[in-house]
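Here is a colleague's note on the structure, set out as numbered points. Please read it with the sequence and the coordinates open.

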Amino acid sequence: MKKLEGKIAIITGAAGGIGKGIATAYVKEGATVAIIDLNAEAGNQTIKELQEYAPESIFIQANLAEHEKLADIVKTVAEKFGKIDILVNNAHASRMNSIADTTQKDFDLSFDTGFYPTFYFMQAALPYLKETKGNIINFASGAGINGDVNQVSYAVAKEAIRASTRVAANEFGPFGINVNIIAPIAKSPGLVQWAEENPEYYQGMLSKIPMRRLGELEGDIGRVAVFLASEDSAYITGQTIMVDGGSIKMR
Ligand SMILES: NC(=O)c1ccc[n+]([C@@H]2O[C@H](COP(=O)([O-])OP(=O)(O)OC[C@H]3O[C@@H](n4cnc5c(N)ncnc54)[C@H](O)[C@@H]3O)[C@@H](O)[C@H]2O)c1
């Protein structure tokens, strides 16, 4: 028996990177996915690959920074499939800058693409997730938990996502909905690009990962996302799950 047989999942930022890894793990476990992404070319390619496993899966091209459109996206998916079981808020764009150089635009980019879409998607999906006793998975980062240099606009948006996840866990728990966070380290194009631009910082980061490797998009992060959307994790909520090779040990 597949772990997500018959489930309907919304996954943001799933044209590539970790989101695609999760979508791939989900369709292999029997889910049908609606992937949302800004990148039309990558999204159209990815959906073809996902449809090999789950033919009904769809790609919706959207800029998550257009917040007024987010509730309609959720409604479209719910009406097409008749329900929503899983919401994965994965997309997030940001720009690195020291505190000295950070501007309002940096904060706007990080909050508009990361925090607000996560919040508005949770809000819009709530009525549907109540029906299915569904699951929400949001994304944080060690950059926020550690306070990494040059990441202030990203770090605070990620910590805002963690705070809103804890509130959502308390508010949604009585409806049987669990809400958790994955804080990953994984071999996504975003990280590979960052590693190329910051080679010394990257080597330093690798030496601090006890497992001495980056996570696999589908094999490491996707599998934990399957667990957090399955019956096996029904009694876990409000938690930050570090899928980072042991870099940060939460207490
Ligand atoms: N890769 C890592 O090691 C790592 C580490 C810590 C946290 N994270 C978090 O994990 C998640 C996925 O990371 P990733 O490395 O796969 O990212 P990525 O940059 O590789 O991919 C992000 C995806 O989101 C899409 N996207 C960006 N802005 C968008 C917008 N405005 N509207 C719609 N789609 C948009 C992109 O097109 C892309 O497909 C993010 O929340 C990220 O902050 C990743």
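The points below take up the ligand site, then a surface patch, then the salt bridges.

1. The model is a predicted one, and every remark below should be read with that in mind. Residue numbers count from 1 along the chain as its sequence is written.

2. The ligand is surrounded by 27 residues, and those that come nearest are Asp 37, Asn 90, Tyr 154, Lys 158 and Ser 188. Sorted by class, this shell holds 14 nonpolar, 11 polar and two charged residues, and the reader may wish to keep that composition in view when looking at the individual polar contacts.

3. Three polar contacts to the ligand deserve inspection, two of them through side chains and one through the backbone. A polar side-chain atom of Asp 37, one of the nearest residues, is placed 2.6 Å from an oxygen atom of the ligand, while a polar side-chain atom of Asn 63 is found 2.9 Å from a ligand nitrogen atom. The backbone takes part at Ile 18, where a polar atom lies 2.8 Å from an oxygen atom of the ligand. Of the 840 Å² that the ligand exposes when taken alone, the protein buries 85%.

4. Which elements give two or more residues to the shell around the ligand? They are helix 1 (17–28), helix 6 (152–172) and helix 7 (189–197), and helix 7 provides the largest share, with three residues.

5. Away from these contacts, Tyr 116, Phe 119 and Tyr 120 make a nonpolar surface patch of about 240 Å². Phe 119 belongs to helix 4, which covers residues 104–132, and its relative accessibility of 32% puts it in the partly exposed class, a value that also passes the requirement of over 30% for membership of a patch.

6. The count of salt bridges comes to 11, and three of them are discussed here, starting with the pair formed by the side chains of Lys 75 and Glu 79, whose N to O distance is 3.9 Å. Because these two residues are four apart in helix 3 (residues 70–81), about one helical turn separates Lys 75 from Glu 79. Lys 75 is partly exposed, at 41% relative accessibility, whereas Glu 79 is exposed, with a relative accessible area of 58%. Since a salt bridge requires a nitrogen to oxygen distance within 4 Å, the 3.9 Å of this pair satisfies the cut-off, but a careful reader should check how the side chains are placed.

7. What distance, N to O, is found where the side chains of Arg 95 and Asp 106 meet in a salt bridge? The distance is 2.5 Å. Arg 95 sits in the loop between strand 4 (86–89) and helix 4, and Asp 106 sits in helix 4, so the pair ties together parts that are 11 residues apart in sequence. The two partners fall into separate accessibility classes, as Arg 95 is partly exposed at 39% relative accessibility and Asp 106 is buried, with a relative accessible area of 2%.

8. The third pair lies in helix 6, where Glu 159 and Arg 162 are three residues apart and therefore separated by about one helical turn. Their side chains meet in a salt bridge with an N to O distance of 3.0 Å. Glu 159 counts as partly exposed, at 25% relative accessibility, while Arg 162, at 12%, counts as buried. Helix 6 is also among the elements that give two or more residues to the shell around the ligand.

Note on methods
Predicted model: local features only at pLDDT ≥ 70, side-chain atom pairs only at ≥ 80, totals over all residues. Heavy atoms only, no water. Near = heavy atom within 4 Å. Polar contact = N/O pair within 3.5 Å; in protein donor to acceptor, adjacent residues only side chain to side chain. Areas by Shrake-Rupley, 256 points an atom, 1.4 Å probe, with all protein chains shown as cover. Nonpolar A, V, L, I, M, F, W, Y, C, P; charged D, E, K, R; others polar. Patch = residues over 30% accessible without salt bridge, like charges linked within 9 Å, V, L, I, M, F, W, Y side chains within 5 Å. Buried < 20%, exposed > 50% of the residue type's maximum accessible area, 1.4 Å probe, protein only.
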